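Thanks, everyone. I'll take this one quickly, strand by strand and then pocket by pocket. Please have the model open while I talk.

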Amino acid sequence: MSAVFHKLRFAAHWLAPNFIPPPYKLDAERRFDHESDEASRVPIEEELQVRALWGVEIFGPNESQQLYTALRKLKWDRSFATEGEDALAWAKKQRSYYTGEGYDIGVVERAGQKNRFFGVSSKAEMPDGVDYALVRLHQICPTVTCVVVCFVLERETGNCYQEKLNSKRKGVFRRGKLGWITRFNPFHLKQEAVDAQRAELRQSIYNWFSRTIPGYFSNTGLSDSMPCAELISTVGNDIFTDQSRHLDWRRILANPSKYDIWENRGPTPLRFVDGRSNWPKELRNFLIVSASLPSSSKEMKGNNSANKIIHYSNERLGGILPYFAVTGFLKEISRELNLTREKLRITKSRSRTLRSITEIQKFFDKSAGVPSVVREICKSVERPSSLDYYIEEFTSPKWRETDGVRFFAEEQRKILHQTALKLLEDESSTREHFEQLASVLSIKESISAQRRMELLTVVALGVAALSLAAAWPEDWGEKIKSLNKKSQTLIEKIYTEDISGEIDPSVMAKEN
């Protein structure tokens, strides 16, 4: 009887796992829930803030007109500038006569708001929760322009992670795809909440670019493909320090390997995580930047310290983000190549054949400027230490004792160069494959057209025969017999006259 009751109890728990408890005690799970909930809280003496978000948009040869249209509408220019070219004129000049310089627009205030900063004339619509933005344009090569926007968050929005981590939670049961019941403790639930909040912030940045100044990543329709970064500040130690505790709140924000942490040993230590090889695809183009503020920043005068760390981080990352975004740009092009190649297959269906030819035409139209762009990028990073001038000195621990300290500029240069070379090979082989495929499809379509013409000819002959049969007179049999008799009479007459030697001139004329 107890076995039957146990099965019924478990079946009821499977149907409603969070309302009907399982047929065993949950004392150990509840103790662990309390432990993980407390360990994953931000300490009272700590102040966790998301200070800023960076978004990076790329404008290649196919997005140049979108860039010009957006800049013409925004009318951005340099802060404190009394004369000289605006952002639109600078972009046109750089894409025509490349010099490699940047254009610092500086502070961009919310449209419709009174001027808070002296000498600022640039305005734009801002996402919810954003105070103002810092904008800079970079010309990576003659055909690639990069727009880097640093969104400075309002204090209420910056508290989002701390609110998620400090919310009281208890474990829940969830049913998996295969029917298994799994228990999620508060640590996992807070991890999901922080990830959802991070995705929401990234989506707001993507939506802003799509509305305001759309480029390559906005046109893809994938918000997680846009290169982004976030600046998280703490008091005392940053979030990458002391992650030895298994359930520590810092692990929820970022749980990197020490080899993925890059540090700038300047007057204000700044560290960021580049986890492109280890993180899920949603964070493949994402950086987490961490900075620590002095404890006095919790007082009213701490706003100055926060603003200083924002501008300091924006300067230090100003050279990293453009080349980080260009790497993502090349990888997205490579992904599109692979997807286009997989979609095209030779089939016996005429509609699929025509569709394949249309897809090939779209590929050639869309990738017309890709080889030149990739060659320009590959050439610009071909020489060792070619990015040292643009990228600040961020270092990471060496892989082995015999190796030297790794520098992010050189690592990024190698990744970018290898990605460009691989894309050149893939693009060349794909273009050659598509040319051959287009030739085969054209021949196949020509043969199909010839077969259709042959079938049409047979059908036309059949219709003509039926029309002839329908128009033939009813006494056609008697007329044929009469015609045969006349023919035989004429032949006999000719034969008789030929024997007698007298041939009728009229018959001779008919024979001639």
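Start with G102: its bridge partner is H138, in strand 4. This is a predicted model, so keep that in mind throughout. G102 belongs to strand 2, which runs 102-110, and H138 belongs to strand 4, which runs 130-141. The two strands pair in the antiparallel sense, over six bridges. A second bridge to look at is V108 with A133, again in strand 4.

Now the other partners. Strand 2 also pairs with strand 3, residues 123-124. Here the sense is parallel, and there are two bridges. E109 has K123 as its bridge partner in strand 3.

Strand 4 has a further partner too. Strand 5, residues 144-153, pairs with strand 4 in the antiparallel sense over 10 bridges. Pick V135 on your screens: its bridge partner in strand 5 is V149. Strands 4 and 5 make a hairpin, with two residues between them.

How many residues of strand 4 are buried? The count is 10 of 12, so to speak of strand 4 as mostly covered is fair under the cut-off of under 20% relative accessible area.

Next, the largest pocket. Strand 4 comes back here. It supplies six residues of the lining, the largest share. Strand 2 and helix 10, residues 302-316, also give at least two residues each. In total, 28 residues line the pocket. Which ones lie nearest its centre? They are R136, H138, G318, G319 and Y390. Note H138, the residue that bridges to G102. The space in this pocket is about 720 Å³. As for chemistry, the lining divides into 10 nonpolar, 11 polar and seven charged residues.

On to another hairpin. Strand 6 is residues 172-175, and strand 7 is residues 181-184. They pair in the antiparallel sense over four bridges. R175 stands opposite I181 of strand 7. Five residues lie between the two strands. In that turn, G179 has a positive phi of about 95°.

There is a positive phi elsewhere, this time outside glycine. Most residues other than glycine have a negative phi. K75 has a phi near 60°, a positive value. Where is K75 placed? It sits in the loop between helix 3, residues 64-74, and helix 4, residues 87-96. Is K75 buried or exposed? Its relative accessibility is 65%, so K75 counts as exposed.

Now two threonines, both in helices. T212 is in helix 7, residues 186-212. With 12% relative accessibility, T212 counts as buried because the cut-off is under 20%. What does T212 touch, leaving aside neighbours within four places in sequence? The contacts are A70, L74 and E125.

The other is T340, in helix 11, residues 320-343. At 15% relative accessibility, T340 also counts as buried. Look across to T430. T340 and T430 are 90 residues apart along the chain. Their C-alpha atoms are separated by 9.3 Å.

Then E263, in strand 9, residues 261-264. Its C-alpha atom is 9.3 Å from that of F408, and 145 residues lie along the chain from one to the other. E263 also has a set of contacts. Not counting residues up to four places away in sequence, E263 touches L270, R271, E393, F394 and T395.

Let me finish with the whole chain. How many helices and strands does the chain have? There are 16 helices and 13 strands. The chain has 512 residues, and 42% of them count as buried. It exposes about 28800 Å², with carbon and sulfur atoms supplying 55% of that.

Last, the contacts. Take those between residues at least 6 apart in sequence. Of these, 71% join residues at least 24 apart.

To recap the part I opened with: strand 4 pairs with strand 2 over six bridges and with strand 5 over 10. Strand 4 also gives six residues to the lining of the largest pocket. That's it from me.

How values were computed
Residues are numbered from 1 along each chain as its sequence is written. This is a predicted model: local features need pLDDT of at least 70, side-chain atom pairs count only at pLDDT 80 or more; totals for chains, interfaces and linings use all residues. Side-chain values use heavy atoms; hydrogens and water are left out. Two strands pair if DSSP finds at least two bridges between them. On a 1 Å grid over the protein atoms alone, a cavity is a set of points where a 1.4 Å probe fits but cannot get out, and a pocket is an open set with protein on both sides within 12 Å along at least five of seven lines; lining residues have an atom within 4 Å of a point. Grid points are joined across faces, edges and corners, and a volume is the space filled by probe spheres set on the points. Ala, Val, Leu, Ile, Met, Phe, Trp, Tyr, Cys and Pro count as nonpolar, Asp, Glu, Lys and Arg as charged, and the others, Gly among them, as polar. Buried means under 20% relative accessible area, exposed over 50%, partly exposed in between (1.4 Å probe, protein chains only). Contact means heavy atoms within 4.5 Å. Accessible areas come from the Shrake-Rupley method with a 1.4 Å probe; for residues, only the protein chains shown count as cover.
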